[in-house]
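This report takes up two topics in turn: how certain helices pack against one another, and how the protein meets a bound nucleic acid strand.

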Amino acid sequence: MDSSYENVIKNLLRNPSSIKTKSQAKQLHAQIVKTRGSRSVSLATIILRIYSDLNLLKESLQVFNTFCYVPTKAFKSVIKCYSCNGYFLDSLACFVEMRGFGKLPGQDVFPAVIRACTHLKELRFGESVHGCVVRFGMESDLYTGNALMNMYAKLQVSSHDCHVFDKIPQSNRFSSQRSNLVSVLYEETRNELIRSEKNHFDTLSGRRVEKGTRLDSVSKIFQMMPNKDVVSWNTVIGGNVQSGLYEEALDMLREMSNANLKPDCFTLSSILPVFARHVDVTKGKEIHGYAIRHGFDKDEFIASSLIDMYATCTRVEDSYRVFDLLPQKDDVSWNTIIAGCVQNGAFDEGLRFFRQMLAANVKPVEVTFSAILPACAHLTTLHLGKQLHAYITRMRFDQNMYIASSLVDMYAKCGKIMTARWIFDRMEVHDSVSWTVIIMGYALNGHAREAIILFENMERERIKPNAVAYLAILTACSHAGLVDEGWNYFTSMSKCGVSPDIEHYAAIADLLGRAGRLSEAYKFITDMPIKPTGGIWATLLSACRVHKNVDLAEKVAKEMTTTDPGNMGPYLLLSNMYSAAGRWKDASKLRTNMKKKGMRKPPACSWIEVRNKVHGFVSGDTSHPYYEQIHEALRDLYERLKQEGYVPEMSEALHDVDEEQKGDLLYTHSERLAIAFGIISTPAGTTIRITKNLRVCVDCHTAIKFISKILGREIIVRDNSRFHHFKDGNCSCGDYW
DNA sequence: TTAGGGTTAG
């Protein structure tokens with residue numbers, strides 16, 4: 001080899017950071033092995049450092065495993081390389097091994113070790129490492145300080161300490177072969193290390209890190225740091241935000257500016273959730289403006305924070321705009337826009353984004369499913385829900401609490417309560433949400449007793465019912481007419497520290513009204529400590545309709561038109577009641593009034609899924625390609641119903657017209673069109689599932705009961721308030737809705 | 001060494 005070439009090699013070895021690529025590193029390594037053999041420990045250490053700096057774990061380990069005696073520098077390189085590649089457990093095991101040899105760690109290794117502790121949620125181990133930092137006088141190192149603050153800020157957020165061998169996170173991607181070895185090594189030395197390092201820490205610093213005071217630890221470290229950079233500030237701000245200390249986070253942001261440090265991408269994406277939670281779109285927009293001026297708005301992190309902020313502030317149109325302008329979209333950007341749509345009730349849009357995400361070859365993750373499933377639940381798109389469920393099972397996401405709860409809710413809302421229960425029973429752990437969805441599922445499907453049993457089981461499992469859980473059980477009681485039970489739950493709420501809000505009052509008003517205790521319900525509403533809403537009056541009005549009390553209905557409708565003048569619900573219900581009582585003049589007067597006020601009844605619409613396709617029907621709609629067959633089926637059905645004793649109930653017909661015309665109006669209702677289509681396009685005996693945007697009318701309700709009997713089919717109708725399971729001539733709602 | 005997204009609501 002000529003001397004100039006030899007010089008190049010020497011220079012490279014003296015200045016290893018000049019190696020920038022994997023192939024350069026491998027060439028140098030090969031050259032050294034070729035010319036000088038592989039015995040030189042110092043050369044191998046330099047090569048290892050080069051591989052480690054380039055994050056080449058496989059190559060680093062190949063060199064590392066050749067050492068008989070491992071130099072400190074080699075340990076440091078491998079610890080860092082493991083940590084940077086996400087092999088946190090191996091990183092810690094290597095650190096333990098290094099300490100076992102009595103080698104002194106330097107400030108260059110601590111950030112990687114602390115980062116590993118943070119990812120593994122190993123607070124106790126992290127504290128012992130902190131002890132080690134203090135012991136070796138490295139507290140003033142900027143990177144170590146930042147890493148420590150990050151660790152305390154993160155682990156302080158989780159409510160309980162989770163140790164690595166209690167539950168190894170899935171994200172820890174070490175090989176299973178190696179894991180046993182590492183686990184044994186780690187287990188053997190871990191406790192010993194924690195003991196020795198922590199003793200040093202406690203005696204040297206005179207401080208003890210107690211549970212629950214870890215954000216104080218962050219502040220203390222921050223205050224004691226001689227040098228602080230943007231990362232230090234970002235870490236403290238982010239820690240405050242994650243702990244819900246929004247005002248403190250904003251104060252820190254101001255202080256940061258006073259310290260002449262400019263917010264960067266990290267600062268902005270940490271602070272944006274503050275405005276989302278405060279629903280302060282004006283301040284959020286200011287941040288958006290700042291991001292645009294500094295060219296940060298194309299950053300995926302900032303963009304997803306902005307999308308989320310606008311969606312949380314119900315400005316979903318602005319979310320779309322940010323999303324559309326984003327040149328590179330990652331899975332989080334997609335998940336954020338999908339969740340934003342679904343949370344704002346834009347279910348179809350959410351599904352559209354979900355399909356686009358798949359078309360863009362972005363792989364859905366757990367969050368994607370818990371974001372999209374509620375859309376299937378609300379739209380009752382069972383076929384899509386089932387497809388998603390199959391994918392979730394294949395991906396082994398089914399034990400994820402968010403996903404499992406969403407699946408239970410989706411099946412319950414699609415009327416498949418047994419499937420919902422099956423999933424619920426197979427969940428390893430239940431939280432208050434999963435209990436609530438199954439209880440609400442039974443409530444909506446008319447199984448109050450089962451809901452009560454589950455509510456008691458939840459309390460037995462020491463899961464404290466929250467406001468939503470109480471709402472679920474009150475709904476169950478009200479749907480089943482269990483007045484005493486409902487009242488008991490209502491009165492026990494406050495004792496359990498959950499103050500009833502308007503929905504709970506509404507459930508009780510519904511409960512009383514349903515039981516026919518109308519004046520009691522009226523008094524309950526007027527006496528409540530919260531101002532009654534239009535919705536709560538509507539509940540009572542509905543009860544007046546069922547119990548045919550026109551006088552109280554007029555009184556209630558009057559209350560409603562004062563509290564909620566734009567709502568046409570009371571007009572419609574009252575007008576139907578006038579018609580039912582034969583008071584045609586009053587009914588027509590009311591309708592004229594509505595017209596004068598520019599009120600129009602929204603079109604009634606029902607939909608049914610047949611062979612994975614959703615078919616929608618609007619009242620009186622003749623546009624469906626199978627309309628002729630549908631109409632014929634309806635005619636046949638009408639004849640058979642009449643033979644069975646069905647008499648059309650004309651009381652709710654909208655006009656004062658002759659009986660024959662009313663008959664026409666009635667059998668063109670959207671739910672009947674959908675049911676008729678279901679009958680002609682599915683095999684005999686199959687359950688028919690219909691979803692309707694408005695309340696089912698009395699006549700349709702009666703007719704569907706007959707249909708379920710004569711065809712021997714179960715018909716499940718989800719209207720805008722509840723489920724109706726029609727079977728053998730009966731309905732689960734007990735004729736109250 | 002720092003940042004973003006998820007479940008229940010008659």
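## Packing of α6 against α7

In this predicted model, helix α6 passes helix α7 in a left-handed crossing. Phe 88, Ser 91, Leu 92 and Phe 95 are the residues that α6 brings to the contact, and they meet Phe 110, Ala 112, Val 113, Arg 115, Ala 116, Cys 117 and His 119 of α7. Sorted by class, this contact of α6 with α7 comprises 8 nonpolar, 2 polar and 1 charged residues.

The geometry of the pair can be stated through its axes: those of α6, spanning residues 88-100, and α7, spanning residues 110-119, come within 9 Å and cross at roughly 130 degrees. Because the crossing angle is roughly 130 degrees, α6 counts as oblique to α7.

## Packing of α5 against α7

Helix α7 also packs with helix α5, which covers residues 72-84, and here the angle is about 40 degrees, with the two axes 9 Å apart. As α5 passes α7, the crossing is left-handed. The contact joins Ile 79, Lys 80, Ser 83 and Cys 84 of α5 to Ala 112, Val 113, Arg 115 and Ala 116 of α7. By class, the residues in the contact of α5 with α7 are 5 nonpolar, 1 polar and 2 charged.

## Packing of α34 against α37

Farther along the sequence, helix α34 (residues 627-644) meets helix α37 (residues 698-711), their axes coming within 10 Å and crossing at roughly 90 degrees. With that angle, α34 is roughly perpendicular to α37.

On the α34 side the contact is formed by Leu 637, Arg 640, Leu 641 and Glu 644, while α37 contributes Ala 703, Phe 706, Ile 707, Lys 709, Ile 710 and Leu 711. The contact of α34 with α37 contains 7 nonpolar and 3 charged residues, and no polar ones.

## The surface around DNA strand B

DNA strand B is surrounded by 49 residues, of which Asn 146, Lys 154, Asn 335, Lys 413 and Thr 475 are the closest. Of the atoms of DNA strand B that come within 4 Å of the protein, 44% belong to sugar and phosphate. The residues of the surface near the strand divide into 18 nonpolar, 21 polar and 10 charged.

Individual side chains approach both bases and backbone of DNA strand B. A polar side-chain atom of Tyr 143 lies 3.0 Å from a base oxygen of the strand, and an N or O atom in the side chain of Ser 269 is 2.9 Å from a base nitrogen. Thr 336, by contrast, places a side-chain N or O atom 3.3 Å from a sugar or linking oxygen of DNA strand B.

Definitions and conventions. Residues are numbered from 1 along each chain as its sequence is written. Chains are lettered from A and ligands numbered from 1 in the order in which they are written. This is a predicted model: local features need pLDDT of at least 70, side-chain atom pairs count only at pLDDT 80 or more; totals for chains, interfaces and linings use all residues. Side-chain values use heavy atoms; hydrogens and water are left out. Axes are lines fitted to C-alpha atoms, for helices over the stretch in contact, and angles run from 0 to 180 degrees between N-to-C directions. Helices (H or I, at least four residues) and strands (E, at least two) are DSSP runs, numbered from the N terminus. Angles under 35 degrees count as roughly parallel, over 145 as roughly antiparallel, 65 to 115 as roughly perpendicular and the rest as oblique. A crossing is left-handed if the near helix is turned anticlockwise from the far one by less than a right angle, and right-handed if clockwise. Contact means heavy atoms within 4.5 Å. Ala, Val, Leu, Ile, Met, Phe, Trp, Tyr, Cys and Pro count as nonpolar, Asp, Glu, Lys and Arg as charged, and the others, Gly among them, as polar. A residue is near a molecule or strand if one of its heavy atoms lies within 4 Å of it. A polar contact is a pair of N or O atoms within 3.5 Å; within protein, one must be able to donate a hydrogen and the other to accept it, and residues adjacent in sequence count only if both atoms are side-chain atoms.
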